Amino acid sequence: MAKAGRRRAVVAMAAVLAVAASVAVVARVLAPAEVETVAREPYPAAPAPTAGVIGRLPVAPLVVDNRLRVYAGARQVYADQPVTGRHRVTPFWSYRRWPAKLVGVLAEGTTVVSRWSDGKLVALDARTGRVSWRADGPPPGSVPKPRRTFAATVWDPAGLHLARTAEGLDVLLAAGPGAVGGYALADGRRLWRADVERDCRVDVGSTASGEMVGVDTCAGPPSVELRDAGTGVVRTRWRPPDAPGHLVVTAVGCRDGHSGCRGLRTAGPDGANGRGWLVTDPGEPTAAPGLDAADAVLDGERVVETSGGVVTARSARTGEELWRRADIHPARVLATEPGRVHLLTDRRELVTIDPLTGATRSEFVFTAGRDGIGWQPGRAYAVGGYVAVERAREDATPDDDDQGWFLMAEPVLLAAT
(Lines give C-alpha, C1' and ligand atoms only; values in the text may rest on other atoms or scores of the structure.)
Protein backbone atom coordinates (compact mmCIF):
# COMPACT_ATOMS: atom_id res chain seq x y z
CA MET A 1 0.00 0.00 0.00
CA ALA A 2 2.90 2.31 0.81
CA LYS A 3 4.42 1.71 -2.61
CA ALA A 4 1.07 2.22 -4.30
CA GLY A 5 0.61 5.48 -2.39
CA ARG A 6 4.06 6.69 -3.42
CA ARG A 7 3.29 5.84 -7.05
CA ARG A 8 0.04 7.80 -6.88
CA ALA A 9 1.89 10.74 -5.37
CA VAL A 10 4.54 10.63 -8.09
CA VAL A 11 1.87 10.44 -10.81
CA ALA A 12 -0.03 13.33 -9.23
CA MET A 13 3.13 15.41 -8.97
CA ALA A 14 3.99 14.68 -12.61
CA ALA A 15 0.51 15.73 -13.65
CA VAL A 16 0.83 18.98 -11.69
CA LEU A 17 4.21 19.71 -13.27
CA ALA A 18 2.85 18.93 -16.74
CA VAL A 19 -0.09 21.29 -16.21
CA ALA A 20 2.26 23.98 -14.89
CA ALA A 21 4.54 23.55 -17.90
CA SER A 22 1.55 23.78 -20.23
CA VAL A 23 0.36 26.95 -18.49
CA ALA A 24 3.84 28.45 -18.82
CA VAL A 25 3.94 27.64 -22.55
CA VAL A 26 0.45 29.05 -23.09
CA ALA A 27 1.40 32.18 -21.15
CA ARG A 28 4.50 32.64 -23.30
CA VAL A 29 2.52 32.11 -26.50
CA LEU A 30 -0.60 34.08 -25.65
CA ALA A 31 0.79 36.92 -23.57
CA PRO A 32 1.00 40.30 -25.31
CA ALA A 33 4.37 40.61 -27.00
CA GLU A 34 6.48 43.19 -28.80
CA VAL A 35 9.51 42.31 -30.91
CA GLU A 36 11.82 45.09 -32.04
CA THR A 37 14.48 44.04 -34.59
CA VAL A 38 16.68 47.06 -35.20
CA ALA A 39 18.88 47.86 -38.17
CA ARG A 40 22.37 46.35 -38.25
CA GLU A 41 23.53 48.31 -41.26
CA PRO A 42 24.09 52.07 -41.70
CA TYR A 43 21.20 54.23 -42.82
CA PRO A 44 21.40 54.31 -46.64
CA ALA A 45 22.01 57.41 -48.70
CA ALA A 46 19.20 58.73 -50.89
CA PRO A 47 19.73 57.55 -54.49
CA ALA A 48 19.22 59.62 -57.63
CA PRO A 49 17.40 57.14 -59.88
CA THR A 50 16.81 57.62 -63.58
CA ALA A 51 13.19 57.69 -64.74
CA GLY A 52 11.74 54.26 -65.42
CA VAL A 53 10.34 51.13 -63.83
CA ILE A 54 12.35 50.04 -60.80
CA GLY A 55 10.85 46.62 -60.17
CA ARG A 56 7.91 44.65 -58.89
CA LEU A 57 6.92 43.76 -55.34
CA PRO A 58 4.48 41.41 -53.59
CA VAL A 59 3.33 44.11 -51.14
CA ALA A 60 2.76 47.85 -51.30
CA PRO A 61 5.72 50.06 -50.33
CA LEU A 62 5.59 53.31 -48.38
CA VAL A 63 8.64 55.31 -49.52
CA VAL A 64 10.20 56.96 -46.47
CA ASP A 65 12.75 59.79 -46.62
CA ASN A 66 13.52 58.75 -50.24
CA ARG A 67 15.74 56.01 -48.75
CA LEU A 68 13.63 53.13 -47.44
CA ARG A 69 10.57 51.14 -48.41
CA VAL A 70 8.28 50.40 -45.48
CA TYR A 71 5.72 47.60 -45.65
CA ALA A 72 2.83 46.31 -43.58
CA GLY A 73 1.84 42.81 -42.50
CA ALA A 74 -0.97 41.53 -40.33
CA ARG A 75 1.02 42.13 -37.13
CA GLN A 76 4.24 43.68 -38.42
CA VAL A 77 5.69 46.84 -39.92
CA TYR A 78 9.09 46.45 -41.58
CA ALA A 79 11.48 48.14 -44.00
CA ASP A 80 13.93 47.21 -46.69
CA GLN A 81 16.48 49.12 -48.74
CA PRO A 82 17.63 50.41 -51.14
CA VAL A 83 14.48 52.15 -52.28
CA THR A 84 15.54 51.36 -55.86
CA GLY A 85 15.85 47.61 -55.29
CA ARG A 86 14.16 45.49 -57.98
CA HIS A 87 12.65 43.08 -55.45
CA ARG A 88 11.77 43.00 -51.76
CA VAL A 89 14.76 41.81 -49.72
CA THR A 90 15.65 40.88 -46.13
CA PRO A 91 14.25 43.51 -43.75
CA PHE A 92 16.48 46.42 -42.79
CA TRP A 93 14.47 46.56 -39.56
CA SER A 94 11.12 45.25 -38.33
CA TYR A 95 8.67 45.72 -35.49
CA ARG A 96 6.03 43.20 -34.41
CA ARG A 97 3.19 43.28 -31.90
CA TRP A 98 0.88 40.49 -30.77
CA PRO A 99 -2.06 39.88 -30.47
CA ALA A 100 -3.00 43.34 -31.80
CA LYS A 101 -3.26 43.75 -35.57
CA LEU A 102 -1.67 46.52 -37.62
CA VAL A 103 -4.35 48.81 -39.07
CA GLY A 104 -2.44 51.82 -40.40
CA VAL A 105 1.00 53.26 -41.17
CA LEU A 106 2.15 56.73 -42.19
CA ALA A 107 5.46 58.57 -42.26
CA GLU A 108 6.83 62.07 -41.99
CA GLY A 109 10.57 62.64 -42.43
CA THR A 110 12.30 59.83 -40.54
CA THR A 111 9.32 59.07 -38.27
CA VAL A 112 7.16 56.05 -39.10
CA VAL A 113 3.92 55.83 -37.12
CA SER A 114 1.99 52.59 -36.81
CA ARG A 115 -1.57 52.25 -35.51
CA TRP A 116 -2.86 49.03 -33.98
CA SER A 117 -6.24 47.42 -33.42
CA ASP A 118 -6.05 48.03 -29.66
CA GLY A 119 -5.62 51.79 -30.26
CA LYS A 120 -1.90 51.86 -29.51
CA LEU A 121 0.17 54.33 -31.56
CA VAL A 122 3.82 53.38 -31.96
CA ALA A 123 6.38 55.64 -33.64
CA LEU A 124 9.61 54.18 -35.04
CA ASP A 125 12.81 55.91 -36.07
CA ALA A 126 13.20 55.00 -39.74
CA ARG A 127 17.00 55.26 -39.46
CA THR A 128 17.24 52.44 -36.90
CA GLY A 129 13.83 50.80 -36.48
CA ARG A 130 13.89 51.63 -32.76
CA VAL A 131 10.69 52.67 -30.99
CA SER A 132 10.70 56.44 -30.52
CA TRP A 133 7.48 56.66 -28.50
CA ARG A 134 4.21 54.93 -27.68
CA ALA A 135 0.83 56.50 -27.01
CA ASP A 136 -2.70 55.34 -26.30
CA GLY A 137 -4.96 56.51 -29.10
CA PRO A 138 -8.66 56.01 -29.71
CA PRO A 139 -9.42 52.43 -30.80
CA PRO A 140 -9.94 52.39 -34.57
CA GLY A 141 -13.10 50.29 -34.52
CA SER A 142 -13.76 47.84 -37.32
CA VAL A 143 -11.30 48.17 -40.20
CA PRO A 144 -11.93 46.21 -43.43
CA LYS A 145 -9.49 43.38 -43.99
CA PRO A 146 -6.83 44.58 -46.45
CA ARG A 147 -5.91 42.69 -49.58
CA ARG A 148 -2.64 40.78 -49.49
CA THR A 149 -0.59 43.78 -50.67
CA PHE A 150 -1.68 45.79 -47.59
CA ALA A 151 -1.95 48.84 -49.86
CA ALA A 152 -4.90 50.24 -47.89
CA THR A 153 -2.86 49.99 -44.68
CA VAL A 154 0.12 52.04 -45.91
CA TRP A 155 -1.38 54.24 -48.65
CA ASP A 156 -4.78 55.00 -47.14
CA PRO A 157 -4.68 54.40 -43.36
CA ALA A 158 -8.16 54.81 -41.92
CA GLY A 159 -8.52 57.60 -39.36
CA LEU A 160 -4.82 58.50 -39.30
CA HIS A 161 -3.53 61.85 -40.60
CA LEU A 162 -0.86 64.50 -40.16
CA ALA A 163 -1.31 68.25 -39.87
CA ARG A 164 0.96 71.23 -39.29
CA THR A 165 -0.29 74.08 -37.15
CA ALA A 166 0.28 77.76 -37.86
CA GLU A 167 3.02 77.64 -35.22
CA GLY A 168 4.83 74.89 -37.14
CA LEU A 169 3.94 72.00 -34.82
CA ASP A 170 3.54 68.64 -36.57
CA VAL A 171 0.48 66.86 -35.16
CA LEU A 172 -0.60 63.24 -35.56
CA LEU A 173 -4.39 62.98 -35.73
CA ALA A 174 -6.20 59.76 -34.86
CA ALA A 175 -9.95 59.21 -35.20
CA GLY A 176 -12.08 56.30 -34.09
CA PRO A 177 -15.70 55.59 -33.18
CA GLY A 178 -16.46 57.80 -30.20
CA ALA A 179 -13.19 59.74 -29.94
CA VAL A 180 -10.60 61.78 -31.83
CA GLY A 181 -7.21 62.95 -30.59
CA GLY A 182 -4.11 64.92 -31.46
CA TYR A 183 -0.50 63.95 -30.58
CA ALA A 184 2.79 65.75 -31.00
CA LEU A 185 4.61 63.86 -33.76
CA ALA A 186 8.02 64.56 -32.21
CA ASP A 187 7.43 62.79 -28.88
CA GLY A 188 3.91 61.33 -28.85
CA ARG A 189 2.53 63.49 -26.02
CA ARG A 190 -1.19 63.86 -26.21
CA LEU A 191 -2.20 67.42 -27.03
CA TRP A 192 -5.94 66.88 -26.77
CA ARG A 193 -8.70 64.31 -26.91
CA ALA A 194 -12.37 64.87 -27.72
CA ASP A 195 -15.23 62.44 -27.18
CA VAL A 196 -17.67 62.41 -30.10
CA GLU A 197 -20.88 60.55 -30.66
CA ARG A 198 -20.56 57.18 -32.34
CA ASP A 199 -21.99 56.30 -35.74
CA CYS A 200 -22.75 59.88 -36.78
CA ARG A 201 -19.33 61.25 -37.71
CA VAL A 202 -17.20 60.40 -40.76
CA ASP A 203 -13.48 61.15 -40.80
CA VAL A 204 -12.21 62.88 -43.97
CA GLY A 205 -8.60 64.05 -43.46
CA SER A 206 -6.61 67.17 -42.59
CA THR A 207 -6.13 70.51 -44.32
CA ALA A 208 -3.10 72.52 -45.36
CA SER A 209 -4.27 75.18 -42.90
CA GLY A 210 -3.89 72.81 -39.92
CA GLU A 211 -7.41 71.51 -39.37
CA MET A 212 -8.98 68.08 -38.99
CA VAL A 213 -11.96 67.52 -41.30
CA GLY A 214 -15.00 65.41 -40.55
CA VAL A 215 -18.64 65.17 -41.57
CA ASP A 216 -21.01 65.44 -38.60
CA THR A 217 -24.62 64.22 -38.75
CA CYS A 218 -25.15 63.97 -35.00
CA ALA A 219 -27.25 67.09 -34.44
CA GLY A 220 -29.13 67.52 -37.69
CA PRO A 221 -28.36 67.73 -41.43
CA PRO A 222 -24.80 66.75 -42.35
CA SER A 223 -22.23 69.51 -41.92
CA VAL A 224 -18.49 69.77 -42.40
CA GLU A 225 -16.58 70.07 -39.12
CA LEU A 226 -13.18 71.80 -39.13
CA ARG A 227 -11.28 71.17 -35.88
CA ASP A 228 -8.01 72.88 -34.93
CA ALA A 229 -5.29 70.22 -35.11
CA GLY A 230 -3.28 71.71 -32.25
CA THR A 231 -6.05 72.19 -29.69
CA GLY A 232 -8.99 70.03 -30.80
CA VAL A 233 -11.33 73.04 -30.75
CA VAL A 234 -13.95 73.04 -33.51
CA ARG A 235 -13.27 76.25 -35.44
CA THR A 236 -15.97 75.96 -38.06
CA ARG A 237 -19.16 74.03 -38.73
CA TRP A 238 -20.19 74.57 -42.31
CA ARG A 239 -22.81 73.24 -44.68
CA PRO A 240 -22.44 73.84 -48.43
CA PRO A 241 -25.24 75.81 -50.06
CA ASP A 242 -27.97 73.51 -51.41
CA ALA A 243 -26.19 70.51 -49.89
CA PRO A 244 -27.99 67.15 -50.31
CA GLY A 245 -29.49 65.29 -47.39
CA HIS A 246 -26.68 62.75 -47.57
CA LEU A 247 -23.41 64.61 -47.99
CA VAL A 248 -20.23 62.94 -49.25
CA VAL A 249 -17.00 64.91 -48.70
CA THR A 250 -13.72 63.95 -50.38
CA ALA A 251 -10.32 65.47 -49.66
CA VAL A 252 -8.32 66.54 -52.72
CA GLY A 253 -4.95 68.17 -53.38
CA CYS A 254 -3.39 66.36 -50.42
CA ARG A 255 0.29 66.41 -49.64
CA ASP A 256 0.25 62.73 -48.67
CA GLY A 257 -2.69 60.35 -48.34
CA HIS A 258 -5.49 62.43 -46.81
CA SER A 259 -3.10 64.76 -44.98
CA GLY A 260 -2.34 68.41 -45.69
CA CYS A 261 -5.14 68.71 -48.25
CA ARG A 262 -5.79 72.00 -50.03
CA GLY A 263 -9.30 71.25 -51.23
CA LEU A 264 -12.56 69.39 -50.67
CA ARG A 265 -15.22 68.13 -53.02
CA THR A 266 -18.80 67.83 -51.80
CA ALA A 267 -21.47 65.79 -53.56
CA GLY A 268 -24.48 63.58 -53.10
CA PRO A 269 -24.11 59.83 -52.54
CA ASP A 270 -24.19 59.16 -56.30
CA GLY A 271 -21.64 61.89 -57.08
CA ALA A 272 -24.30 64.28 -58.33
CA ASN A 273 -24.10 68.04 -57.75
CA GLY A 274 -20.36 67.90 -57.11
CA ARG A 275 -18.76 71.15 -56.00
CA GLY A 276 -15.14 72.02 -55.28
CA TRP A 277 -13.81 74.09 -52.38
CA LEU A 278 -10.43 75.37 -51.22
CA VAL A 279 -9.40 74.97 -47.57
CA THR A 280 -6.04 76.71 -47.64
CA ASP A 281 -7.04 79.26 -44.97
CA PRO A 282 -8.89 78.88 -41.66
CA GLY A 283 -12.62 79.52 -41.76
CA GLU A 284 -15.31 78.42 -44.16
CA PRO A 285 -14.14 76.77 -47.39
CA THR A 286 -13.88 78.97 -50.49
CA ALA A 287 -15.78 78.04 -53.65
CA ALA A 288 -13.54 76.57 -56.37
CA PRO A 289 -15.65 75.98 -59.50
CA GLY A 290 -12.63 74.68 -61.39
CA LEU A 291 -12.66 71.72 -59.01
CA ASP A 292 -16.30 70.72 -59.51
CA ALA A 293 -15.62 67.87 -61.97
CA ALA A 294 -15.39 64.45 -60.34
CA ASP A 295 -12.17 63.52 -62.18
CA ALA A 296 -10.38 66.83 -61.43
CA VAL A 297 -7.26 66.77 -59.25
CA LEU A 298 -5.71 69.70 -57.42
CA ASP A 299 -2.11 70.92 -57.21
CA GLY A 300 -1.75 74.23 -55.39
CA GLU A 301 -4.58 76.23 -56.97
CA ARG A 302 -4.37 74.51 -60.35
CA VAL A 303 -6.79 71.80 -61.37
CA VAL A 304 -5.85 69.10 -63.88
CA GLU A 305 -8.49 66.93 -65.57
CA THR A 306 -8.48 64.37 -68.36
CA SER A 307 -12.05 64.43 -69.67
CA GLY A 308 -12.77 64.59 -73.40
CA GLY A 309 -9.54 62.85 -74.40
CA VAL A 310 -7.36 65.88 -73.60
CA VAL A 311 -5.42 66.96 -70.53
CA THR A 312 -6.42 70.39 -69.28
CA ALA A 313 -5.37 72.67 -66.45
CA ARG A 314 -7.68 75.30 -64.99
CA SER A 315 -7.71 77.84 -62.21
CA ALA A 316 -9.41 76.28 -59.19
CA ARG A 317 -10.97 79.61 -58.18
CA THR A 318 -12.31 80.72 -61.58
CA GLY A 319 -12.33 77.70 -63.87
CA GLU A 320 -10.27 79.62 -66.45
CA GLU A 321 -8.28 77.33 -68.75
CA LEU A 322 -4.53 77.72 -68.25
CA TRP A 323 -3.11 75.15 -70.64
CA ARG A 324 -4.25 72.19 -72.72
CA ARG A 325 -2.53 69.14 -74.20
CA ALA A 326 -4.13 67.00 -76.89
CA ASP A 327 -0.97 65.04 -77.73
CA ILE A 328 -1.17 62.59 -74.81
CA HIS A 329 -2.94 59.33 -75.60
CA PRO A 330 -6.28 58.95 -73.73
CA ALA A 331 -5.31 58.78 -70.08
CA ARG A 332 -6.56 58.87 -66.52
CA VAL A 333 -4.93 60.37 -63.45
CA LEU A 334 -3.18 57.54 -61.63
CA ALA A 335 -1.73 59.50 -58.69
CA THR A 336 -0.70 63.00 -57.71
CA GLU A 337 1.86 64.64 -55.46
CA PRO A 338 2.97 68.25 -55.07
CA GLY A 339 4.49 69.37 -58.39
CA ARG A 340 3.64 66.16 -60.28
CA VAL A 341 0.54 64.65 -61.85
CA HIS A 342 1.02 61.04 -62.94
CA LEU A 343 -1.13 59.90 -65.88
CA LEU A 344 -1.69 56.34 -67.03
CA THR A 345 -2.61 56.06 -70.71
CA ASP A 346 -4.68 53.30 -72.27
CA ARG A 347 -1.38 51.98 -73.67
CA ARG A 348 -0.12 51.63 -70.08
CA GLU A 349 2.35 54.48 -70.48
CA LEU A 350 3.15 56.41 -67.32
CA VAL A 351 3.31 60.10 -68.26
CA THR A 352 4.30 62.53 -65.51
CA ILE A 353 3.53 66.19 -66.14
CA ASP A 354 4.25 69.46 -64.37
CA PRO A 355 0.84 70.89 -63.38
CA LEU A 356 2.20 74.43 -63.53
CA THR A 357 3.20 74.32 -67.20
CA GLY A 358 1.88 71.05 -68.60
CA ALA A 359 5.40 70.01 -69.61
CA THR A 360 6.26 66.30 -69.57
CA ARG A 361 8.70 65.37 -66.82
CA SER A 362 9.03 61.71 -67.85
CA GLU A 363 7.29 59.13 -70.01
CA PHE A 364 7.73 55.36 -70.35
CA VAL A 365 5.77 52.12 -70.67
CA PHE A 366 4.73 51.03 -67.19
CA THR A 367 5.62 47.35 -67.22
CA ALA A 368 8.37 45.07 -65.93
CA GLY A 369 10.23 42.49 -68.00
CA ARG A 370 7.79 40.48 -70.09
CA ASP A 371 4.76 41.14 -67.88
CA GLY A 372 2.97 42.97 -70.68
CA ILE A 373 0.34 45.69 -70.46
CA GLY A 374 -2.78 43.56 -70.00
CA TRP A 375 -3.82 44.90 -66.61
CA GLN A 376 -5.99 47.50 -64.94
CA PRO A 377 -4.80 49.71 -62.05
CA GLY A 378 -5.89 49.07 -58.49
CA ARG A 379 -4.71 51.34 -55.68
CA ALA A 380 -1.89 53.74 -56.53
CA TYR A 381 0.46 56.01 -54.62
CA ALA A 382 3.09 58.67 -55.33
CA VAL A 383 5.65 60.51 -53.21
CA GLY A 384 9.02 62.11 -53.91
CA GLY A 385 8.85 61.25 -57.61
CA TYR A 386 8.23 57.54 -56.91
CA VAL A 387 5.02 55.93 -58.16
CA ALA A 388 3.61 52.54 -57.18
CA VAL A 389 0.46 50.80 -58.42
CA GLU A 390 -1.33 47.51 -57.88
CA ARG A 391 -1.96 45.61 -61.10
CA ALA A 392 -5.29 43.82 -61.33
CA ARG A 393 -6.53 41.44 -64.01
CA GLU A 394 -8.26 43.21 -66.87
CA ASP A 395 -11.57 41.42 -66.21
CA ALA A 396 -11.36 41.58 -62.40
CA THR A 397 -14.02 43.29 -60.30
CA PRO A 398 -13.67 44.70 -56.76
CA ASP A 399 -15.76 41.82 -55.42
CA ASP A 400 -13.20 39.23 -56.55
CA ASP A 401 -10.97 37.59 -53.98
CA ASP A 402 -7.23 38.22 -54.10
CA GLN A 403 -6.63 35.29 -56.41
CA GLY A 404 -9.12 36.62 -58.93
CA TRP A 405 -8.18 40.29 -58.47
CA PHE A 406 -4.39 40.44 -58.72
CA LEU A 407 -2.51 39.87 -61.95
CA MET A 408 0.31 37.82 -60.41
CA ALA A 409 2.21 37.02 -57.21
CA GLU A 410 4.16 40.30 -57.42
CA PRO A 411 1.39 42.66 -58.53
CA VAL A 412 2.88 45.98 -57.36
CA LEU A 413 4.97 48.01 -59.81
CA LEU A 414 7.35 50.69 -58.53
CA ALA A 415 8.82 53.39 -60.75
CA ALA A 416 10.85 56.57 -60.54
CA THR A 417 9.66 59.58 -62.51
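These are my notebook entries on strands, salt bridges and aromatic rings in a predicted model.

**Ground rules**

I number residues from 1 along each chain as its sequence is written. Since I'm working on a predicted model, local features need pLDDT of at least 70, side-chain atom pairs count only at pLDDT 80 or more, and totals for chains, interfaces and linings use all residues, while side-chain values use heavy atoms, with hydrogens and water left out.

**Entry 1: a four-stranded sheet**

I started with an open sheet of four strands, ordered β7-β8-β9-β10 and paired antiparallel. For my own labels: helices (H or I, at least four residues) and strands (E, at least two) are DSSP runs, numbered from the N terminus. Two strands pair if DSSP finds at least two bridges between them.

Which strands sit at the edges? They are β7 (102-108) and β10 (131-136), each of which pairs on one side only. On average, neighbouring strands of this sheet are turned by 20° against each other, direction ignored. Here axes are lines fitted to C-alpha atoms (for helices over the stretch in contact), and angles run from 0 to 180 degrees between N-to-C directions.

Next I looked at β8 (residues 111-116) and β9 (residues 120-125), an antiparallel pair with five bridges. I jotted down one match: Thr111 faces Asp125 in β9.

**Entry 2: strand β20**

How many residues of β20 are buried? Five of the five residues in β20 (263-267) are. My cut-offs: buried means under 20% relative accessible area, exposed over 50%, partly exposed in between (1.4 Å probe, protein chains only). I checked the two faces as well: Gly263, Arg265 and Ala267 are buried on one side, Leu264 and Thr266 on the other.

β20 has an antiparallel pairing with β19 (residues 248-252) over five bridges, and there Val248 has Ala267 as its bridge partner. β20 also pairs in the antiparallel sense with β21 (residues 275-278), over four bridges. In that pairing I found Leu264 opposite Trp277.

**Entry 3: salt bridges**

I counted 26 salt bridges, taking one as a side-chain nitrogen of Lys or Arg within 4 Å of a carboxyl oxygen of Asp or Glu. I followed up three of them.

Glu34 and Arg134 form one, with the closest N and O atoms 2.5 Å apart. Glu34 lies in β1 (residues 33-37) and Arg134 in β10, so this pair ties together parts that are 100 residues apart in sequence. Glu34 is partly exposed at 36% relative accessible area, and Arg134 is partly exposed at 45%.

Then I looked at Arg147 and Asp402, a salt bridge of 2.9 Å, N to O. This one links distant parts of the chain, 255 residues apart: Arg147 is in the loop between β10 and α2 (151-155), and Asp402 is in helix α3 (residues 402-405). Arg147 is partly exposed at 22%, and Asp402 is partly exposed at 22%.

My last pick was Arg237 with Glu225, at 3.3 Å, N to O. Arg237 is in β18 (residues 234-238) and Glu225 in β17 (residues 223-228), so parts 12 residues apart in sequence are tied together. Is each partner buried or partly exposed? Arg237 is partly exposed at 48%, but Glu225 is buried at 2%. I also noted that salt bridges with shared partners join Arg201, Asp216, Glu225, Arg227 and Arg237 into one network.

**Entry 4: aromatic rings**

Searching the whole structure gave me six aromatic pairs. The rule: rings of Phe, Tyr and Trp (its six-membered ring) pair if their centres lie within 6.5 Å; planes under 30 degrees apart count as stacked, over 60 as edge-to-face and the rest as tilted.

Tyr95 and Trp116 have ring centres 5.9 Å apart and planes at 75°, so I logged the pair as edge-to-face. Tyr95 is in β6 (residues 93-98) and Trp116 in β8, so the pair ties together parts 21 residues apart in sequence. Tyr95 is buried at 0% relative accessible area, and Trp116 is buried at 0%.

Phe366 and Trp375 make another edge-to-face pair, 6.2 Å centre to centre with 70° between the planes. Phe366 and Trp375 are both buried. With Phe364, these two form one aromatic cluster.

What lies over the face of Trp375? I found Arg348 there, 5.2 Å from the ring centre. A charge sits over a ring if NZ of Lys or CZ of Arg is within 6 Å of the ring centre and within 35 degrees of the ring normal.
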